[in-house]
Amino acid sequence: MDLPRTLKKHFGYDKFRPLQEEIIQDALAGRDVFALMPTGGGKSLCFQLPALLRNGLTIVVSPLISLMKDQVDALQTSGIAATFLNSSLDRHEASERLRKLNHGECRLLYVAPERLMLDGFLDRALNWNIEQIAIDEAHCISEWGHDFRPEYRELKKLRRHLPDVPIMALTATATKRVRKDIVTQLHLDDARCYVASFNRPNLTYRVVPKSSPYEQVLTFIRARPEESGIVYCASRKTADSLATKLNKDGIKAKPYHAGLESTDRGKHQEQFLRDDARVITATIAFGMGINKPNVRFVLHHDLPKNIESYYQETGRAGRDGLPSECVLLFSASDVVKQKRFIEEKNEREQLIAQEQLREMIHYAETRECRRATMLRYFGEQLQTVPCDGCDNCLTPRETFDGTVAAQKFLSCVYRVHEKHGFGFGLNHIVDVLCGADTEAIRQRGHDQLSTYGIGNELKRDAWQAIGRELSRLGLVAAAPGKFATLQLTGTGLAALRERTPITLTKPFDAEPRKRPKRRAGEIECDEVLFERLRALRREIADKRDVPAYVIFSDVSLREMARAYPTTAAEFGRIPGVGQQKQRDFAETFIEAIKDHLARKTKLVLPMRQG
């Protein structure tokens, strides 16, 4: 079976990405597969290509209606028989699609989990010669995941209903615990498990102190006039007001959150996909399921509740492998807001959420490589540090001799613990250091401690940052639970007694960090031609009523603007040009490239003569 030939013919690529070929071979051999691949790593191809080499049907479980349409549009443009069934179709459209399925005319069917698990639907599906079931966004089945969806839980019954049909579970975001839960829930007892690297080298990560958030967002977007992106917000109100303000300032923006009517949500998403809206302001709580490969930036206006969410949301950027930016605006007040949300949960959920939030704060405040910090959370070690793709590696944060400040903090934790035999939380320790006159301090006699008021030269937020850094350095341990009481570790006690020199990080400033000179994934090309090809792509996409990237990705256009293909054979060698797209578009794009070259020659010739 010639897999590379099928890959080039239908999808226009000469080689597979890491793990794709192995996963496809296992799928074709009828094995269950679990695949964890980062966003942009090519998960969809792992079930799409095998579907073309089988006689029967591959059912793809997808959580979002918009995502189904998006994938099917792209497949059909590549000449692949795919369809979807969901509530957006009227009765006539649904009947026509069912007729095609009954006659074996489709290779792929996209469907939501709740529809698939209806008894009547599964009974009907038994006549469709199902060869494989692919479950996308499989982390939604786990309550330990960041995006648990109860309707996904029903999928565990698939093994009973369709015992002989192999299952492929795919996700871009899952800790070891979540991976194990997915495999258990879906009864993938003998599955081949593949875990790709979580690293996205083309993404640059930055954390910026939040000072004037709207001005910061506006300045950032204005500096990138040709680029589209997502601004994630913690509330619907913020998403709405940001979109309104951006539009007043001349930037086409649309909000996207669960409070909007579904028709408005769909319309806004469609406008973003088609580049009619340049920016989407979306709530963190509501998953977007965006399949748009040329999102060039993801900006977090507010602090996400955990690293899984942050990783997945930043993963919307640069799916095509081209350089893209991920920026988080961070402030201590956002931490307080998140803690209030956590207090509304039950006790068990609070424990999980508090630990997740601590990890998120650690990421935001660390002076280490941000990429390494994020990957370590998912159990992966970054091999090359500095990464040259985060603010801390590009412009290392300033440090200072923090021995005196650390001694004060460690001493205060020790004295409080010594007095009672148990610890107190960070805020209380900071109150003691600052000499606060509170009832809690007077009641417990902490105003009589030798450490009371010895830190009043620093503000509360500075002491809180020092406390969190000492925790990251392993000198202080926070007990699990709502109050996260502090106590010294063995290392911390030794540092206190021996007055060990301790280096701390200066609070970071709001100055923009420099970009790397050459960013991972960058394709240098003729920018004038690239813009011309973008306009041509948009024109064709509008006529076909599909998003522009369904015609060609930015990568394909940049390769055209670099290689200047002027024959059908040269055009066919461009990544992303399969047989169907060559037939449909080669002539038009080659003509535009030839015209551009002719104009360039006219401009250059007079200069040479002179």
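## Helix H12 and the strands around it

Helix H12 packs its buried residues against helix H11 (213–222), strand E9 (228–233), strand E10 (253–256) and strand E11 (279–283). Contact here means heavy atoms within 4.5 Å, and buried means under 20% relative accessible area, exposed over 50% and partly exposed in between, with a 1.4 Å probe and protein chains only. Helices (H or I, at least four residues) and strands (E, at least two) are DSSP runs, numbered from the N terminus.

A word on the model before going on. This is a predicted model, in which local features need pLDDT of at least 70 and side-chain atom pairs count only at pLDDT 80 or more, while totals for chains, interfaces and linings use all residues. Residues are numbered from 1 along each chain as its sequence is written, and side-chain values use heavy atoms, with hydrogens and water left out.

### The helix itself

H12 covers residues 236–248, 13 residues in total, and reaches 19 Å from its first C-alpha to its last, close to the 18 Å expected at 1.5 Å a residue. That expected span is 1.5 Å times one less than the number of residues. Which residues of H12 are buried? They are Ala239, Leu242, Ala243 and Leu246. Seen down the axis of H12, these buried residues fall within an arc of 100°, so they line one face of the helix. The arc is that of the directions from the helix axis to the C-beta atoms. Turned away from that buried side, the face of H12 carries the exposed residues Lys237 and Lys248. After H12 comes Gly250, with a positive phi near 85°.

### Strand E9 and its partners

E9 is one of the strands that H12 packs against, and six of its six residues are buried. In a regular strand the side chains alternate between the two faces of the sheet. In E9, Ser228, Ile230 and Tyr232 point one way, and Gly229, Val231 and Cys233 point the other way. E9 is joined to strand E12 (residues 295–300) by five bridges, and the two run parallel. Val231 has Leu299 in E12 as its bridge partner. E9 also pairs with E11 in the parallel sense, again over five bridges, and there the bridge partner of Ile230 is Ile280. Two strands pair if DSSP finds at least two bridges between them.

### Strands E2 to E5

Another group of parallel strands lies earlier in the sequence. All five residues of E2 (residues 57–61) are buried: Leu57, Ile59 and Val61 point one way, and Thr58 and Val60 the other. In E3 (residues 82–85), Ala82 and Phe84 point one way and Thr83 and Leu85 the other way, and all are buried. E3, helix H5 (residues 91–102) and E4 make a right-handed β-α-β unit. Right-handed means that, with the strands pointing away from the viewer, the path from the first strand over the helix to the second runs clockwise.

The table collects the pairings in this group.

| Strand pair | Sense and bridges | Residues opposite or bridged |
|---|---|---|
| E2 and E5 (residues 130–135) | parallel, five bridges | Leu57 and Ile130 |
| E2 and E4 | parallel, four bridges | Val61 and Val111 |
| E3 and E4 (residues 108–111) | parallel, four bridges | Ala82 and Leu108 |

### Further along the chain

Helix H23 (residues 490–498) has Gly492, Ala495 and Leu496 as its buried residues. They cover an arc of only 100° around the axis, which puts them on the same side of H23. Gly490, Thr491, Arg497 and Glu498 are exposed on the other side of H23. What covers the buried residues includes helix H19 (403–420) and strand E16 (486–488). Just after H23, Arg499 takes a positive phi of about 50°.

Is Glu355, found in helix H16 (residues 347–365), buried, exposed or partly exposed? At 38% relative accessibility, Glu355 counts as partly exposed. Glu355 and Asn306 are 49 residues apart in sequence and 8.8 Å apart in space, C-alpha to C-alpha.

### The whole protein

The protein has 28 helices and 17 strands. Its radius of gyration is 27 Å, close to the 25 Å that the globule rule gives for 610 residues, so the protein is as compact as a globular protein of that length. The radius is taken over C-alpha atoms, and the rule is 2.2 Å times the number of residues to the power 0.38. Of the 610 residues, 55% count as buried. Among contacts between residues at least 6 apart in sequence, 73% join residues at least 24 apart.
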